[in-house]
Amino acid sequence: MRITAIPQIYRHVNRWGEIFSVLSKYGLANWVGRLGPDFAKDMFRGPGGAAIARLPWEMRIRLALAELGPTFIKLGQVLSTRPDLIGVSLADELTQLQTGVQADPPDVVRRTILQELGRPVEELFDDFDDVPLASASIGQVHRARLKSGELVAIKVQRSDIQRKVAVDTDILNGLAQLAESRLPEFQNYRPRAIAEEFQRTTQRELDFHRELRHMQQFAQDFAGDSTLCIPRPYPELSTARVLTMQYLEGIKLSDTAALTAAGYDLGEIARRGARIYLEMIFSHGFYHADPHPGNVLVMDRGVFGLLDHGMVGRMDERLHDNVEELLLAVTSLDAEHLTSIIVRLGSVPQDLDRAGLSVDVSDFVSHYGAQRLEDLDLSGALREMVEMVRRYHIHLPARVAMLIKTLVTLEGTARLLSPHFSLLEIMKPYRRKMILRRLSPTRRLRRFQRLYSDISHMAEVLPQGIVDIVEQMRDGVFDVHLDHRGLEPSVNRLVLGMLASALIVGSSLLMAQAVPPALGGVSLSGVLGFAMAFFLGLRLLRAINKSGHLDRRAEIQARKKPPAR
């Protein structure tokens with residue numbers, strides 16, 4: 001870590017100590033688990049009394065994040081949308097961080113409302129329930145009744161959450177900097193970029209004005225749709241830390257028994273809900289990005305109510321084109337096209353094994369191509385594709401990863417209602433629309449306009465750029481800077497190897513000539529030289545082995561190894 005980070009550590013020394021204590025607590029299970037005796041594995045226990053050493057490592061990460069508090073819970077929720085970075089199994093485990101956060105006391109909640117709205121709860125509402133309906137990492141929701149009689153839900157931000165988030169994100173940036181500079185195995189995960197993305201996401205979610213605007217946008221997009229109800233916000237009773245909205249009554253999708261008892265057809269409910277989400281994604285380009293069963297209600301006459309609009313996804317036209325191509329390639333099982341889209345969409349490493357990726361994509365397509373379209377498991381296909389992308393260290397844009405996660409969650413939620421649900425069946429009309437839209441003259445005209453704009457901009461800046469280069473060459477100040485990535489460690493190892501070789505040759509001559517000081521005819525200088533050469537050789541071998549490049553073929557074979565099905 002850089003010297004400039006020392007004041008940051010000093011400012012938050014207590015929180016640093018707490019974080020390292022919790023991480024050590026859950027990381028200790030790995031060390032205990034390798035000791036062997038079963039009695040040792042039961043010495044350290046987590047919440048609920050379970051032995052930490054016997055828990056899967058994904059669960060230990062989730063428990064550690066939950067123990068570290070709201071900021072780290074939110075970090076886990078954000079990372080759950082990036083299976084391309086952390087893996088599918090860990091992303092699935094982190095989705096369980098959605099609930100179970102301890103709520104603030106009633107007096108704290110009432111004080112926050114007074115500070116934000118300028119009036120006490122008793123003057124604003126006819127009735128206010130101190131017991132929260134739900135409690136999450138950023139805020140909690142209470143039911144109340146306005147003086148005019150309407151039932152409302154009030155989302156109140158946690159006390160002192162902004163200061164806590166600021167401290168924790170500062171520490172996360174320090175940890176990311178440490179991981180990227182000192183731990184080579186973390187560099188492929190780009191921890192600093194993840195920390196910066198998380199900081200932006202958290203700052204947006206701390207402003208409830210954004211969620212209010214999201215609700216208004218959804219209500220505008222579905223103004224003529226009687227099958228979807230978006231809670232009506234009350235801007236006059238809302239601030240950056242308090243959000244007042246219409247209270248929706250209904251049965252959550254997670255309560256399948258109550259839905260069945262109410263006489264609903266679960267299969268039809270699943271299909272209608274999926275159509276609403278696909279309409280958001282492919283027609284409006286603005287969608288609710290957290291479709292887990294607790295966020296969707298079935299109200300009277302089968303109307304859907306959508307809750308928690310903090311996490312949303314957006315797609316501009318260029319991203320819309322790329323995502324359509326990606327989904328069409330998956331559903332059409334076109335291996336060559338799918339490979340080119342993955343490389344074009346993602347950030348690829350310099351040493352990408354393009355041939356190995358093509359082979360894996362072909363295996364992927366041949367496996368799913370043998371299934372009937374109506375039986376094809378889209379969520380399983382997307383999961384396997386994400387795991388394959390991660391294996392080749394290809395980083396997808398955050399918006400693409402969020403969309404894939406949303407589609408996977410959507411199909412998983414629908415299958416809770418109908419085990420034989422197929423999202424691809426519901427996507428058939430949208431697939432036809434995608435193809436027709438891509439062939440439409442209007443779409444081609446817009447793409448031509450974008451291309452013309454890009455070429456016009458290049459035509460404006462290119463001549464001046466060429467003039468600048470010519471003037472620099474004429475004045476003798478034109479420089480070419482080369483960045484030799486990874487060359488410095490290689491040069492250091494080469495010098496170390498040459499030094500070890502020179503010591504071996506020199507020590508051999510000293511031993512052969514019995515150069516004094518000698519003991520029993522053996523040159524002590526030669527023995528010392530051999531010892532130094534031995535330790536230098538060990539250090540060189542350790543450095544090569546730690547970098548993972550001792551056998552390049554073994555690394556390529558590991559990348560080509562097919563995933564477990």
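This short talk walks through one protein model, from the whole chain down to single residues.

Keep in mind that the model is predicted. Let me start with the overall numbers. The protein has 565 residues, and 42% of them count as buried. Its secondary structure comes to 24 helices and 13 strands. Now the contacts. Take those between residues at least 6 apart in sequence: 66% of them join residues at least 24 apart. As for surface, about 30,400 Å² is exposed. Carbon and sulfur atoms supply 57% of that area.

Next, helix H14. Please find residues 266-284. That is 19 residues. From the first C-alpha of H14 to the last, the helix reaches 26 Å. The expected value, at 1.5 Å a residue, is 27 Å, so the two are close.

What sits at the two ends of H14? At the start, Asp265 points a side-chain oxygen at the backbone nitrogen of Gly267, to within 3.1 Å. Just after the helix comes Gly285, with a positive phi of about 70°.

Which residues of H14 are buried? Here is the list: Leu266, Gly267, Ile269, Ala270, Gly273, Ala274, Ile276, Tyr277, Leu278, Met280, Ile281 and Phe282. Hold on to Gly273, Ile276, Tyr277, Met280 and Ile281 from that list. They come back.

Now the cavities. The count is seven cavities of 30 Å³ or more. The largest has a volume of about 130 Å³. Sixteen is the number of residues that line the largest cavity, and the closest to its centre are Leu253, Gly273, Tyr277, Val296 and Leu410. So where does the lining come from? Three elements each supply at least two residues: H14, strand E10 at 304-306, and helix H19 at 398-417. The largest share belongs to H14, with six residues.

On to residues that pack against H14. Take Phe222. You will find Phe222 in the loop between helix H12, residues 208-221, and strand E5. Is Phe222 buried or exposed? Its relative accessible area is 7%, and the cut-off for buried is under 20%, so Phe222 is buried. What does Phe222 touch, beyond residues up to four places away in sequence? The answer is Leu228, Ile276, Glu279, Met280 and His284. Look at Ile276 in particular. Phe222 and Ile276 are 54 residues apart along the chain, yet their C-alpha atoms are separated by 9.4 Å.

Met315 is a second example. This one is in the loop between strand E11, residues 312-314, and helix H15, residues 317-332. Met315 is at 10% relative accessibility, so it counts as buried. Leaving aside neighbours within four places, Met315 is in contact with Ile281, Gly285, Tyr287, His320, Val323 and Leu403. Gly285 is the residue just after H14 that we met a moment ago. Between Met315 and Ile281 there are 34 places along the chain, and the C-alpha separation is 8.0 Å.

Let me move away from H14. Thr239 is in the loop between strand E5, residues 228-229, and strand E6, residues 242-246. With a relative accessible area of 14%, Thr239 is buried. What does the side chain of Thr239 meet? It makes a polar contact of 2.7 Å with the side chain of Glu116. Beyond its neighbours within four places, Thr239 is in contact with Glu116, Leu117, Phe208 and His209.

A quick word on helix H5, residues 70-79. How many of its ten residues are buried? Nine, so the helix is mostly covered. Among them are Phe72, Ile73, Leu75, Val78 and Leu79, and also the polar names Thr71, Lys74 and Gln77.

Last, two backbone oddities. Asp160 is not a glycine, but has a positive phi of about 60°. Asp160 is in the loop between strand E4, residues 151-157, and helix H10, residues 161-182. At 35% relative accessibility, Asp160 counts as partly exposed. His393 is the other case, with a positive phi near 60°. His393 lies in the loop between helix H18, residues 378-391, and H19. Its relative accessible area is 26%, so His393 is partly exposed too.

To close, come back to the main thread: H14 gives the largest cavity the largest share of its lining.

How values were computed
Residues are numbered from 1 along each chain as its sequence is written. This is a predicted model: local features need pLDDT of at least 70, side-chain atom pairs count only at pLDDT 80 or more; totals for chains, interfaces and linings use all residues. Side-chain values use heavy atoms; hydrogens and water are left out. Helices (H or I, at least four residues) and strands (E, at least two) are DSSP runs, numbered from the N terminus. Buried means under 20% relative accessible area, exposed over 50%, partly exposed in between (1.4 Å probe, protein chains only). Contact means heavy atoms within 4.5 Å. Accessible areas come from the Shrake-Rupley method with a 1.4 Å probe; for residues, only the protein chains shown count as cover. A polar contact is a pair of N or O atoms within 3.5 Å; within protein, one must be able to donate a hydrogen and the other to accept it, and residues adjacent in sequence count only if both atoms are side-chain atoms. On a 1 Å grid over the protein atoms alone, a cavity is a set of points where a 1.4 Å probe fits but cannot get out, and a pocket is an open set with protein on both sides within 12 Å along at least five of seven lines; lining residues have an atom within 4 Å of a point. Grid points are joined across faces, edges and corners, and a volume is the space filled by probe spheres set on the points.
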